[in-house]
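Trainee: I should like to learn how the strands, hairpins and pockets of a protein are read. May we work through one example together?

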Amino acid sequence: TAKQIISVHNGCQITCLAFNPENQSVFLSGGFSSTVKAWDTRNSQIVNEYNAGIQQTLDILFLPGGKEFLTSTDAVSRDSADRTIIAWDFQTSAKISNQIFHERYTIPCLTIHPKESFFLAQTNGNYMVLFSTQRPYRMNKRKRYEGHKVEGYAVGCEFSPDGTLIATGSADGTVCFYNYLNSKLVYTLPAHKQACTNVSFHPVHPSILATCDWSGEIKVWQ
């Protein structure tokens with residue numbers, strides 16, 4: 001119907017949202033604030049808050065089951081990327097871990113594998129890495145997906161619906177496709193004149209891909 005259902009006032013600029021996969025009435029919001037908030041769409045009320053003690057939340061990702069979620073932040077310490085990725089207990093708002101990623105780069109995007117127990121992190125070091133969705137969320141040091149450019153942009157990435165490919169935008173305007181299993185770059189699509197900031201596969205027709213760039217231009221490819 002295209003009618004607005006709810007409107008909430010977050011108190012800061014919102015840059016990321018995530019619905020709970022087990023309860024679609026509840027979503028998380030994060031942005032230019034030290035706090036991530038959980039909202040109930042049925043009454044537009046805050047049901048929980050998660051204080052990370054940082055300046056900005058870059059992305060939010062629920063893990064399977066909806067009991068835990070991850071946030072990526074702009075916090076990088078001198079010795080390691082302390083708090084760059086934080087794992088949270090959704091119900092209690094307790095931090096499960098803030099020692100997941102130990103390389104000195106921020107992470108603008110997190111995405112989960114559709115079939116296997118892994119999530120992917122896009123880094124500002126111009127590469128993507130895999131982590132287990134199971135505690136203690138270990139990084140796979142044998143797989144690194146590199147060949148695209150991030151260069152400070154909030155570049156998005158996504159798995160294909162069958163999990164065999166990874167698509168990512170790039171600061172040079174291209175879309176890069178990687179083989180999930182061997183981490184090799186298999187194809188580069190010259191998509192935009194400006195930085196390509198996000199990609200998304202069609203959930204039913206996996207041969208269709210949507211892309212967007214820094215200027216706001218959106219394209220659909222087949």
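Mentor: Let us begin with a definition: two strands pair if DSSP finds at least two bridges between them. Please keep in mind that this model is predicted.

Trainee: How many residues lie between strand 14 and strand 15 in their hairpin, and which residue in the turn has a positive phi?

Mentor: Five residues lie between strand 14 and strand 15, and G173 in the turn has a positive phi of about 90 degrees. The two strands run antiparallel and are joined by four bridges. As one example of facing residues, I166 is opposite Y178 in strand 15.

Trainee: Which residue takes a positive phi in the hairpin of strand 13 and strand 14?

Mentor: That residue is G163, with a phi near 80 degrees, and this hairpin has five residues between its strands. Strand 13 and strand 14 (residues 165–168) run antiparallel with three bridges. Here E158 is opposite A167 in strand 14.

Trainee: What holds the strands of a sheet together, and in which senses can they pair?

Mentor: In general, strands of a sheet pair through backbone hydrogen bonds, and the pairing is either parallel or antiparallel. In this structure, one open sheet has four strands in the order 1-2-3-4, with antiparallel pairing. Strand 1 and strand 4 (45–51) each have a single partner strand, so one side of each is left without a neighbour in the sheet. On average, neighbouring strands of this sheet are turned by 25 degrees against each other, direction ignored. Within the sheet, strand 2 (residues 23–31) and strand 3 (residues 35–40) are joined by four bridges, and V26 is opposite D40 in strand 3.

Trainee: Which strands stand at the edges of the open sheet with the order 9-10-11-12?

Mentor: That sheet has four strands with antiparallel pairing. Its edges are strand 9 (109–112) and strand 12 (139–146); each has a single partner strand, so one side of each lacks a neighbour in the sheet. Strand 10 (residues 118–123) pairs with strand 11 (residues 127–132) over six bridges, and S132 in strand 11 is the bridge partner of F118.

Trainee: What is the volume of the largest pocket, and which residues are closest to its centre?

Mentor: The volume is about 810 Å³. Of the 35 lining residues, D59, C109, L110, C157 and N198 are the closest to the centre. Strands 1, 5, 9, 13 and 17 each supply at least two residues of the lining. By class, the lining has 22 nonpolar, eleven polar and two charged residues.

Notes. Residues are numbered from 1 along each chain as its sequence is written. This is a predicted model: local features need pLDDT of at least 70, side-chain atom pairs count only at pLDDT 80 or more; totals for chains, interfaces and linings use all residues. Side-chain values use heavy atoms; hydrogens and water are left out. On a 1 Å grid over the protein atoms alone, a cavity is a set of points where a 1.4 Å probe fits but cannot get out, and a pocket is an open set with protein on both sides within 12 Å along at least five of seven lines; lining residues have an atom within 4 Å of a point. Grid points are joined across faces, edges and corners, and a volume is the space filled by probe spheres set on the points. Ala, Val, Leu, Ile, Met, Phe, Trp, Tyr, Cys and Pro count as nonpolar, Asp, Glu, Lys and Arg as charged, and the others, Gly among them, as polar. Axes are lines fitted to C-alpha atoms, for helices over the stretch in contact, and angles run from 0 to 180 degrees between N-to-C directions.
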